[in-house]
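Visitor: I have a structure open and would like to talk it through. Could you take my questions one at a time?
Guide: Certainly; please display it and begin wherever you wish.

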Amino acid sequence: MDAFIRFTNQTQGRDRLFRATQYTCMLLRYLLEPKADKEKVVMKLKRLESSVSTGRKYKMSSRL
C-alpha cells in the first residue's frame with residue numbers, strides 16, 4: 001500500500017493512473033456498445049472517460 005501511495009504522489013504516477021483509467025473506460029465502452037441492454041453503463045463510462053480526460057488536460061496545463 002505504501003508503494004501505491006508513493007507512486008500516486010508523483011505527478012507521472014498520477015498521470016499514468018489517470019491514463020490507464022481513461023483507456024480502460026474506452027475499451028469497456030467499445031466492448032459494451034453493441035449490447036442494447038448496456039446503454040446506461042456505456043453512458044456512465046463515456047462521462048467517466050470525459051472527466052478523466054479533462055482532469056489529465058488540466059493537470060498537464062497546470063504543470064506548464
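Visitor: Which helix holds Asp15 and Arg19, and how many residues apart are they?
Guide: Both residues belong to helix H2, and they are four residues apart, about one turn of the helix. Please bear in mind that this is a predicted model.

Visitor: What do Asp15 and Arg19 form with each other?
Guide: They form a salt bridge, in which the closest N and O atoms are 2.7 Å apart. In general, side chains of opposite charge can pair when their charged atoms come close.

Visitor: Is Asp15 buried or exposed?
Guide: Asp15 is buried, because its relative accessible area is 13% and the cut-off for burial is under 20%. Its partner Arg19 is partly exposed, at 31%.

Visitor: How many salt bridges are there in the whole structure?
Guide: A search of the whole structure finds two. Besides the pair within H2, the side chains of Arg29 and Glu49 meet in a salt bridge, with an N to O distance of 3.2 Å. Arg29 is in helix H2 and Glu49 in helix H3, so this pair ties together parts that are 20 residues apart in sequence.

Visitor: What else does Glu49 touch?
Guide: Leaving aside neighbours within four places in sequence, Glu49 is in contact with Gln22, Cys25 and Met26, as well as with Arg29. Glu49 is buried, with a relative accessible area of 13%.

Visitor: Gln22 is on that list. Where is it found?
Guide: Gln22 is found in helix H2, which covers residues 11-32. With a relative accessible area of 9%, Gln22 is buried. Apart from neighbours within four places in sequence, its contacts are Glu49, Val52, Ser53 and Arg56.

Visitor: Which other residues of H2 are buried?
Guide: In addition to Gln22, the buried residues of H2 are Gly13, Asp15, Cys25 and Leu32.

Visitor: And how far does H2 reach?
Guide: H2 has 22 residues and spans 32 Å from its first C-alpha to its last. That is close to the 32 Å expected at 1.5 Å a residue.

Visitor: Let us move to H3. Where does Leu45 sit, and what does it touch?
Guide: Leu45 lies in helix H3, residues 39-63. Not counting residues up to four places away in sequence, Leu45 touches Cys25, Leu28, Arg29 and Leu32. Cys25 is therefore a contact of Leu45 and also of Glu49, given that contact means heavy atoms within 4.5 Å.

Visitor: Is Leu45 buried or exposed?
Guide: Leu45 counts as buried, at 11% relative accessibility. As for its position relative to Leu32, the two are 13 residues apart in sequence, and their C-alpha atoms are 9.9 Å apart in space.

Visitor: What about Glu39, buried or exposed?
Guide: Glu39, which is also found in helix H3, counts as exposed, at 57% relative accessibility. Glu39 and Arg29 are ten residues apart in sequence and 9.6 Å apart in space, C-alpha to C-alpha.

Visitor: Now the surface. Which residues form a nonpolar patch there?
Guide: Met1, Phe4, Ile5 and Leu17 form it, with about 430 Å² of accessible area together. Phe4 has its place in helix H1, residues 2-9, and is partly exposed, with a relative accessible area of 44%.

Visitor: And the accessible surface of the chain, what does it come to?
Guide: It comes to about 5,300 Å², and 59% of that belongs to carbon and sulfur atoms. Buried residues make up 19% of the 64 residues in the chain.

Visitor: Stepping back, what is the overall pattern along the sequence?
Guide: The pattern is α-α-α, and the chain has three helices and zero strands. Of the contacts between residues at least 6 apart in sequence, 38% join residues at least 24 apart.

Visitor: Finally, where is confidence lowest and where is it highest?
Guide: Confidence is lowest in H1, with a mean of 76, and highest in H2, at 89. The chain averages a pLDDT of 85, and 89% of the residues score at least 70.

Terms used. Residues numbered from 1 in each chain as written. Predicted model: local features only at pLDDT ≥ 70, side-chain atom pairs only at ≥ 80, totals over all residues. Heavy atoms only, no water. Helix = DSSP H or I, 4+ residues; strand = E, 2+ residues; numbered from the N terminus. Buried < 20%, exposed > 50% of the residue type's maximum accessible area, 1.4 Å probe, protein only. Patch = residues over 30% accessible without salt bridge, like charges linked within 9 Å, V, L, I, M, F, W, Y side chains within 5 Å. Areas by Shrake-Rupley, 256 points an atom, 1.4 Å probe, with all protein chains shown as cover. Salt bridge = Lys/Arg side-chain N within 4 Å of Asp/Glu carboxyl O. Expected span 1.5 Å × (residues − 1). pLDDT = per-residue confidence, 0-100.
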